[in-house]
Amino acid sequence: MRLTICIIMLMVLFMTSGVNSFVGITWGRMQTQQLNPAMVVDLLLQNKIPSLRLMTSGYDIIEVFAATNISITITMGNSFMYQANRKDLAYNWVNERIKNPINKGVNIVELTVGSEPFSNTFLKKVSNYEVVNMLKLMRESLDAMDLGYVKTTTAHGMDVLKVSKFPSEADFRDDIKKEMLESLAEFNRTGAPFVLILFPIHFVKEILKYPMEFAFFDNNSGFTIEDGNVTYTNAVELMIDFVAWAIKKAGYPNMKIRIAQIGWPTDGYLHANVQNAERFHRGLLKFIVSQKGTPLKPGPMDIYLHSLCDENNFATMFGTFQRHWGIYRADGHPKYKIDFSLQGHDTYPTQAKGIVKMPNRWCIYNGDKSNLELVHRNYELACKAADCTRLEQGGSCDGLNFDSKMSYAWNVFFQKNKQEVKACDFDGLGRIVATNPSEKNCEFPIEILSYQDQKEQNGMKLRI
């Protein structure tokens, strides 16, 4: 009996230590009112999230992670590679953004050079074909500073592949084949993983054009994909093996694949809602706990959930749903149940502490329709400056009537401008109220008192 108990305890210990080794989360800071970085540290520690992938270098806030033992991955964005495109500049960049924070106790473990630099879909307007040279340059600078343990890699999306029906048919696009092979050779030389960005909701709907049920691990449709003797019951395993096959054909069958971003948006897209996000993550985390991997890449898998909180300043040209990836709302409140401990608990994650909201005041449309051209002009101006993506087709506020739609736009502009009275004028068409105008499924937000940590230069906010 005692022997049986000991065996069970050892099995539990093995499973726990294995699955808890690498389920991290991403954090971007494109918000109007930002969470205090110290609150983010507290959120990570309270929820026992061991790893964080910053969507920037985090140069201005990274020291807050000192002595926390949280593993940090930083990102050099496609648009900022010019900052380090010479040997001397690269050395200075690494010294300031990696070595100095490490010397102060920050646990930086990886540098992602470029995010989807060869994209021909969402990020094609910020593509950067110099990424392979930059990757080598940054690697050289890190090695010169005895920081060989800090990995260097690049994050790629599914659009680096040709469109094909089965994973075994997968290969890299012809127009970037040379660059992808050079990247793989560099990853292999340095022992870095292939870092993959997965957005199943988009891939299933727009690329594969399969039933949306296939995006979920508890697929209730009965729809499957047969590839030889392999049966795929969900999109995530299928997507990973698409990439695994392309890497295998390039000559690197044993290269590790790490999921840098995977999640489910809650607004701004068909099927993007809180219920589906909770369901998707529940299935995803069960998959990670199982450690079964995929048919072509069996075993444990490292992932970063995307993302910590919504980013209402993220450019809408990349898709309106890109502002709604957060597991947390921008005010630090969790949207749905998710158990970061991987124990399968049906519970909400810890709420951010120390949040202070602005007063209970909203700006609404006063209903004056004597000059509808003026109303529409103010609506367009408000939505150009503030986040109206919930009003888009398929969004949670899509069904509002005319007056409520105008009120929603007035209010998000008002909140973005810190509830300044003049921000609710709209040529005399707005008025401030103390009664919450929210409607079913459509919340009229109140912003938080924020920690504004982005640098401003020549009137532009820089995400560095």
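This briefing walks through one buried strand and the disulfides of the structure above. Keep in mind that the model is predicted. Strand β6 covers residues 194-198, and 5 of its 5 residues are buried, so the rest of the structure largely encloses it. As for disulfides, searching the whole structure turns up 3.

**Strand β6 and its neighbours**

- Pick either face of β6 and you'll find it covered: Phe194, Leu196 and Leu198 are buried on one side, and Val195 and Ile197 are buried on the other.
- One pairing partner is strand β5 (residues 151-156), which runs parallel to β6 and shares 2 bridges with it. Here His156 sits opposite Leu196 of β6.
- To get from β5 to β6, the chain passes through helix α5 (residues 177-190), and this β-α-β crossover is right-handed.
- Strand β9 (residues 257-262) also pairs with β6 in the parallel sense, over 5 bridges. Look for Arg258 in β9 as the bridge partner of Val195.

**The disulfides**

- A quick reminder: a disulfide is a covalent bond between the sulfur atoms of two cysteines.
- Cys363 is joined to Cys424, with an S to S distance of 2.0 Å. This link is right-handed, with 90 degrees about the S-S bond. It ties together distant parts of the chain, 61 residues apart: Cys363 lies in strand β11 (residues 362-365), and Cys424 is in the loop between α10 (402-416) and β12 (430-433).
- Both ends of that link are tucked away: Cys363 counts as buried at 0% relative accessibility, and Cys424 is buried with a relative accessible area of 5%.
- Cys383 and Cys388 make another disulfide, with their sulfur atoms 2.1 Å apart. The torsion about their S-S bond is about -85 degrees, so this disulfide is left-handed. Both of these cysteines are buried.
- Cys397 and Cys442 bond too, with sulfur atoms 2.0 Å apart. Their torsion is about 100 degrees, so that disulfide is right-handed. The pair links distant parts of the chain, 45 residues apart, with Cys397 in the loop between α9 (372-385) and α10 and Cys442 in the loop between β12 and β13 (455-457).
- Cys397 is buried, at a relative accessible area of 2%, and Cys442 is buried with 2% as well.
- Number the bonded cysteines in sequence order and the pairing reads 1-5, 2-3, 4-6.

**A cysteine without a partner**

- Why isn't Cys309 in a bond? The closest cysteine sulfur, in Cys397, is 19 Å from the sulfur of Cys309, which is too far.
- Cys309 counts as buried, at 2% relative accessibility.

Notes
Residues numbered from 1 in each chain as written. Predicted model: local features only at pLDDT ≥ 70, side-chain atom pairs only at ≥ 80, totals over all residues. Heavy atoms only, no water. Buried < 20%, exposed > 50% of the residue type's maximum accessible area, 1.4 Å probe, protein only. Helix = DSSP H or I, 4+ residues; strand = E, 2+ residues; numbered from the N terminus. Pairing = 2+ DSSP bridges. Right-handed = clockwise from strand over helix to strand, strands pointing away. Disulfide = S-S within 2.5 Å.
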